[in-house]
Amino acid sequence: MGNVTSCTRSGLKDWFLQRISAIIIMLYAIFAVIVILCLSGDGSYHAWLGIFQNTGVKIFTLLAFLSLMAHAWIGMWTIFTDYVKCACIRGVLQVAAIVGYLTCFIWLICILF
């Protein structure tokens with residue numbers, strides 16, 4: 001019953017999902033560094049707006065954020081189940097994490113679209 005809130009209900013699948021999400025996050029970080037270097041000092045609002053008006057960039061950003069949420073959830077779920085022995089406190093922490101992740105996701109949607 002303690003495994004109900006994991007992503008895939010399988011330790012191996014969660015491990016694999018976390019590794020895939022880490023690769024996506026790394027690729028997005030490389031993309032962000034390249035974009036920052038290519039701006040060559042022009043970090044104005046209009047320069048960033050021009051970059052993020054591209055649908056591909058929006059989709060890549062959304063994918064990277066979903067990967068970040070999955071990666072963080074698997075990590076937090078592991079920490080909660082390993083170190084928080086009281087089921088009530090663990091449940092509250094898990095709900096708080098989910099609310100935080102969903103709030104950030106909704107905020108990202110509002111920013112991108």
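Helix axes here are lines fitted to C-alpha atoms, over the stretch in contact, and the angles between N-to-C directions run from 0 to 180 degrees. With that in hand, the axes of α3 and helix α4 (residues 87-112) come within 11 Å and cross at roughly 170°. That makes α3 roughly antiparallel to α4 (angles over 145 degrees count as roughly antiparallel, under 35 as roughly parallel, 65 to 115 as roughly perpendicular and the rest as oblique).

Keep in mind that this is a predicted model, where local features need pLDDT of at least 70, side-chain atom pairs count only at pLDDT 80 or more, and totals for chains, interfaces and linings use all residues. Residues are numbered from 1 along each chain as its sequence is written, and side-chain values use heavy atoms, with hydrogens and water left out.

**The α3/α4 contact**

- Helices (H or I, at least four residues) and strands (E, at least two) are DSSP runs, numbered from the N terminus.
- On the α3 side, the residues making the contact (heavy atoms within 4.5 Å) include Phe 65, Met 69, Trp 73, Met 76, Trp 77 and Phe 80.
- On the α4 side, Leu 93, Ala 97, Tyr 101, Cys 104, Phe 105 and Leu 108 are among them.
- Sorted by type, the residues of this contact come out as 18 nonpolar, 3 polar and 2 charged. For that sorting, Ala, Val, Leu, Ile, Met, Phe, Trp, Tyr, Cys and Pro count as nonpolar, Asp, Glu, Lys and Arg as charged, and the others, Gly among them, as polar.
- Lys 58 of α3 and Arg 90 of α4 both take part in the contact.

**Aromatic rings**

- The structure holds 6 aromatic pairs (Phe, Tyr or Trp rings, using the six-membered ring of Trp, with centres within 6.5 Å).
- Take Tyr 28 and Phe 31: their ring centres are 5.7 Å apart and their planes sit at 45°, so this pair is tilted (planes under 30 degrees apart are stacked, over 60 edge-to-face, the rest tilted).
- Tyr 28 and Phe 31 are 3 residues apart in helix α1 (residues 11-38), so about one helical turn separates them.
- Tyr 28 is buried at 18% relative accessibility (buried is under 20%, exposed over 50%, partly exposed in between, with a 1.4 Å probe and protein chains only), while Phe 31 is partly exposed at 23%.
- Phe 31 also pairs with Phe 60, and with centres 5.6 Å apart and planes at 65° that pair is edge-to-face.
- This second pair links distant parts of the chain, since Phe 31 is in helix α1 and Phe 60 is in helix α3 (residues 55-83), 29 residues apart.
- Phe 60 is partly exposed, with a relative accessible area of 24%.
- Put together, ring pairs link Tyr 28, Phe 31 and Phe 60 into a cluster.

**Buried residues to look up**

- Lys 58 sits in helix α3 and counts as buried at 17% relative accessibility. Beyond its neighbours within four places in sequence, Lys 58 is in contact with Phe 52, Gln 53, Leu 112 and Phe 113.
- The C-alpha atoms of Lys 58 and Tyr 83 are separated by 37 Å, with their positions 25 residues apart along the chain.
- Ser 67, also found in helix α3, is buried at 6% relative accessibility. Setting aside neighbours within four places in sequence, Ser 67 contacts Ser 21, Ile 24 and Ile 25.
- Gln 18 lies in helix α1 and is buried, with a relative accessible area of 16%. Not counting residues up to four places away in sequence, Gln 18 touches His 71, Ile 74 and Gly 75.
- Val 84 is in the loop between α3 and α4 and is buried at 16% relative accessibility. Leaving aside neighbours within four places in sequence, Val 84 is in contact with Ile 79, Ile 89, Arg 90 and Leu 93.
- The C-alpha atoms of Val 84 and Phe 16, 68 residues apart along the chain, are separated by 24 Å.

**Cysteines**

- The count of disulfides (cysteine sulfur pairs within 2.5 Å) comes to 0.
- The sulfur of Cys 86 has its closest cysteine sulfur in Cys 88, 5.4 Å away, which is too far for a bond.
- Cys 86 is partly exposed at 38% relative accessibility, whereas Cys 38 is exposed at 60%.
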